[in-house]
Amino acid sequence: MIQLIRGFKDILPGEIELWQRIEAEAKSLFEAFGFREIRIPIMEKTELFKRSIGEETDIVEKEMYTFADRGGEMVTLRPEATASIVRAYIQHKLYAADPVQRLYMIGPMFRRERPQKGRYRQFTQIDAEIFGVASPLADAQLIFLLVTLFARLKVADVEAHVNSLGCPACRPDFRAALQAMLTSVGGSLCADCSRRRERNPLRVLDCKVPSCRAALAGAPSILDHLCRECRRDFDELQAALSGLGVGYRVNPRLVRGLDYYTRATFEIQTGALGAQSAVAGGGRYDKLVKELGGPDLPATGFAIGFDRLAEIAGVGAAGLQPRPDLFLAALGPESRSLAFDWACRLGRDGVRVEMELGEKSLKSQMKTADRLGAAHVLMVGETELNDRAALLRNMQTKEQIRVPFEGLAERIKTLLDAR
Ligand code: ATP
Ligand code: MG
């Protein structure tokens with residue numbers, strides 16, 4: 001038997017109801033905040049991700065599904081959404097009508113990481129971006145949106161971590177200070193970090209290897225190196241969060257695995273996930289639109305790990321599964337053909353209706369109705385054929401009424417609608 005690819009997964013009925021619920025909550029919240037949906041391709045030119053995410057990142061160095069297509073063009077399954085959304089914003093000149101655009105998307109991403117709980121090779125992200133707003137209020141709004149969504153989904157134990165990564169004016173200064181410090185502890189860094197030290201030292205702050213963490217105990221804080229504008233924006237972000245009653249923790253070690261971030265960065269972490277503690281991450285990327293060939297416009301955004309969110313949502317899938325309004329139990333070919341006709345008409349009119357299409361005993365049909373949790377059962381057999389009236393049973397009260405065949409589908413619909 002051919003099994004699915006390692007790190008990929010199916011989301012089956014039973015679990016999908018929770019996914020649909022999360023998706024519905026996210027969409028309704030996005031719409032309330034003026035976001036509009038964008039759908040982007042699953043695959044892009046490899047160059048797009050290399051230029052945006054950065055060559056020296058884990059994603060580009062070792063996680064992307066990249067291959068030459070049959071024409072020899074290098075293409076990549078998207079590992080994240082921001083790069084594509086920025087490309088679309090530029091390519092379709094979405095800024096021309098109004099530079100301020102709020103966009104969201106929900107869909108699969110691909111990264112060839114080591115599969116484990118909370119870490120898959122195909123996973124889903126809920127992604128939101130705000131273009132054209134320099135004010136830190138946009139960042140505060142995104143964090144507020146995240147916290148609100150998680151509260152609606154009854155996610156316990158979440159904390160917003162915030163940091164500022166500075167800007168091209170002040171980051172080089174911090175980078176130099178960090179590099180000097182890293183050189184002094186050189187020997188105790190892992191192989192990856194020894195390499196990153198030269199070309200992407202900020203990434204070392206994010207290393208999970210214990211010896212690197214220990215070596216970083218005395219590392220300088222980026223927050224001591226911020227320029228006046230970055231400091232002002234970071235203070236304003238914190239004031240806005242406090243004003244909204246959002247609890248947050250300033251975490252000067254928070255960096256992101258993508259090179260395009262500037263100023264505000266944030267992560268929503270939870271204790272409920274074990275090692276994979278980040279359920280969402282994001283921040284500002286004020287230079288990326290220009291770097292990818294667009295106008296010099298600021299932007300900020302986030303991505304939620306949908307799979308991780310589904311694991312910790314307190315609104316479990318139980319109870320979300322749809323139950324039929326009506327189960328049609330028919331005995332004999334003539335009854336079955338009548339019931340089939342009613343079932344199709346009722347389904348067309350939006351009634352959740354089920355019936356056994358093959359020949360089954362009444363007992364077995366009633367069992368099925370019970371298993372599905374049908375609210376009502378409509379029975380039709382020989383007696384009912386003679387009477388030209390079917391028997392409608394309310395499965396909760398056990399109350400039964402006779403419903404004449406004449407105009408039955410309409411009558412049933414009226415009866416069910418009245419409840
Ligand atoms: P991590 O530190 O867990 O590797 P990341 O910094 O690589 O996360 P981002 O690129 O910021 O993650 O993506 C945003 C969110 O997407 C993460 O917070 C996480 O919830 C989720 N995510 C990232 N990679 C995976 C994966 N391989 N499987 C499942 N979810 C993932
Ligand atoms: Mg990662």
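User: How many cavities of 30 Å³ or more does a search of the whole structure find?

Analyst: The search finds one. Please bear in mind that this is a predicted model. A cavity is a space where a probe fits but cannot get out. Here, the largest cavity holds about 60 Å³ of space.

User: Which elements give two or more residues to the lining of the largest cavity?

Analyst: They are α6 (136-152), α10 (228-244) and β9 (262-270). The most comes from α10, with four residues. Among the lining residues are Pro136, Cys230, Phe234 and Arg263. By class, this lining has five nonpolar, one polar and four charged residues.

User: How does a pocket differ, and what is the volume of the second largest pocket?

Analyst: A pocket is an open set of points, whereas a probe in a cavity cannot get out. The second largest pocket has a volume of about 480 Å³. Of its 23 lining residues, Arg171, Asn200, Asp259, Tyr260 and Tyr261 are the closest to its centre. Two or more residues each come from α2 (46-53), α7 (171-184) and α11 (288-291), and α7 gives the most, with three. The lining of this pocket comprises eleven nonpolar, three polar and nine charged residues.

User: Which residues make the nonpolar surface patch of about 240 Å²?

Analyst: Ile42, Met43 and Phe67 make this patch. Of these residues, Phe67 belongs to strand β3 (residues 65-68).

User: Why does Phe67 count as partly exposed?

Analyst: Partly exposed covers the range between buried, under 20% relative accessible area, and exposed, over 50%. Phe67 counts as partly exposed because its relative accessibility is 36%.

Technical notes:
Residues numbered from 1 in each chain as written. Chains lettered and ligands numbered in written order. Predicted model: local features only at pLDDT ≥ 70, side-chain atom pairs only at ≥ 80, totals over all residues. Heavy atoms only, no water. Patch = residues over 30% accessible without salt bridge, like charges linked within 9 Å, V, L, I, M, F, W, Y side chains within 5 Å. Areas by Shrake-Rupley, 256 points an atom, 1.4 Å probe, with all protein chains shown as cover. Salt bridge = Lys/Arg side-chain N within 4 Å of Asp/Glu carboxyl O. Buried < 20%, exposed > 50% of the residue type's maximum accessible area, 1.4 Å probe, protein only. 1 Å grid on protein atoms, 1.4 Å probe; cavity = no way out; pocket = protein on both sides within 12 Å on 5 of 7 lines; lining within 4 Å. Points joined across faces, edges and corners; volume = space filled by probe spheres on them. Nonpolar A, V, L, I, M, F, W, Y, C, P; charged D, E, K, R; others polar.
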